[in-house]
Amino acid sequence: MPRAGTTFTGRYYGEAIKSGVLRPLGLTRTLLPGDDPHLHGPHVHGYLRMTDKSLQDVTTYEQSSSWGEGELVSSADDLFRFQEALFSGVLLPAEAMSHLFALPPESVRMVDGSPARYSMGLQTATVNGVTFWGKTGDTYGYRTRMFATRDLRLRFVLSYTPTPLAASEDMINRVVTLLTT
């Protein structure tokens, strides 16, 4: 078993991401800040609404405990470039691509009883007859949604500050409705 923070190659996961994804794709505005709680360079501030209704700036927040699930910080431009490389087959070999868009059998259900919506890396959502594939990301003060049709004809990256701790998906629902009607 590798030590904490390493891949099975023995390298830290951050270095594996940098050398295998970020550098080859030229994603210069994507970083893994490690234990540095500050975002350097231009960035959006994240806010949370507190119980007294005030807004608390939560931009300075050390993300390393969430590892790859929440430690990666990126720009919308870099996310678009990543999405294009991922969906076009530049990033993964053909065998991995077949798993990327394959859902489990119909018998596999979500907790709410609906059909499974997650492949081996992406989730799917069908809105107004259009099927999107993508990923979501949330951390205190920030929410990101990155979805596209398989052919990349319709695609979006949405990054915003949801002030409630348990914000609804109203923003993404409005964007997707505009794209599909």
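Helices (H or I, at least four residues) and strands (E, at least two) are DSSP runs, numbered from the N terminus. This is a predicted model, where local features need pLDDT of at least 70 and side-chain atom pairs count only at pLDDT 80 or more, while totals for chains, interfaces and linings use all residues. Residues are numbered from 1 along each chain as its sequence is written, and side-chain values use heavy atoms, leaving out hydrogens and water.

**View 1. The whole protein, with five helices and six strands.** Walk along the chain from the N terminus and you meet the elements as α-β-β-α-α-α-β-β-β-β-α. Of the 181 residues, 30% are buried (under 20% relative accessible area with a 1.4 Å probe, protein chains only). Now take the contacts (heavy atoms within 4.5 Å) with a separation of 6 or more: residues 24 or more positions apart account for 44% of them.

**View 2. An open sheet of four strands.** Read across the sheet and the order is E3-E4-E5-E6, with antiparallel pairing (two strands pair if DSSP finds at least two bridges between them). E3 (123-127) and E6 sit at the edges with a single partner strand each, so one side of each has no neighbour in the sheet. On average, neighbouring strands here are turned by 25° against each other, direction ignored. The angle is taken between axes, which are lines fitted to C-alpha atoms, for helices over the stretch in contact; angles run from 0 to 180 degrees between N-to-C directions.

**View 3. The hairpin of E3 and E4.** Five bridges hold this antiparallel pair of strands in register on the map of the sheet. To find your way around, start from Gln123, whose bridge partner in E4 is Gly134. Then move on to Thr126, which has Thr131 as its bridge partner in E4. Two residues lie between the strands, and Asn128 in this hairpin takes a positive phi near 50°.

**View 4. The hairpin of E4 and E5.** E4 and E5 run antiparallel and are joined by seven bridges. A handy landmark is Thr136, with Arg145 as its bridge partner in E5. This hairpin has two residues between its strands, and in the turn Gly141 shows a positive phi of about 85°. While you're here, look at Arg143, placed in strand E5. Arg143 counts as buried because its relative accessible area is 8%. Its side chain makes a polar contact with the side chain of Asp138, at 2.6 Å. A polar contact is a pair of N or O atoms within 3.5 Å; within protein, one must be able to donate a hydrogen and the other to accept it, and residues adjacent in sequence count only if both atoms are side-chain atoms.

**View 5. Helix H3 and what it packs against.** H3 covers residues 76-88, and its end C-alpha atoms are 18 Å apart. That agrees with the 18 Å its 13 residues should span at 1.5 Å a residue, because the expected span is 1.5 Å times one less than the number of residues. The buried residues in H3 are Asp78, Leu79, Gln83, Ala85, Leu86 and Phe87. They pack against helix H1 (13-25), H4, and the strands E4 (130-139), E5 (142-148) and E6 (155-160). An α-helix has 3.6 residues a turn, so residues three or four places apart point the same way. After H3 comes Gly89, with a positive phi near 90°.

**View 6. Leu100 and Ser119, brought together from 19 residues apart along the chain.** Leu100 belongs to helix H4 (residues 94-100), while Ser119 lies in the loop between H4 and E3. Their C-alpha atoms are separated by 5.9 Å. Zoom in and you'll find the backbone oxygen of Leu100 at 2.5 Å from a polar atom of the Ser119 side chain. Leu100 counts as buried because its relative accessibility is 7%. Ser119 also counts as buried, at 14% relative accessibility. Leaving aside neighbours within four places in sequence, Leu100 touches Leu86, Leu92, Ser119, Gly121, Leu122 and Trp133. On that same basis, Ser119 is in contact with His99, Leu100, Phe101, Ala102, Leu103 and Trp133.

Notes. Buried means under 20% relative accessible area, exposed over 50%, partly exposed in between (1.4 Å probe, protein chains only).
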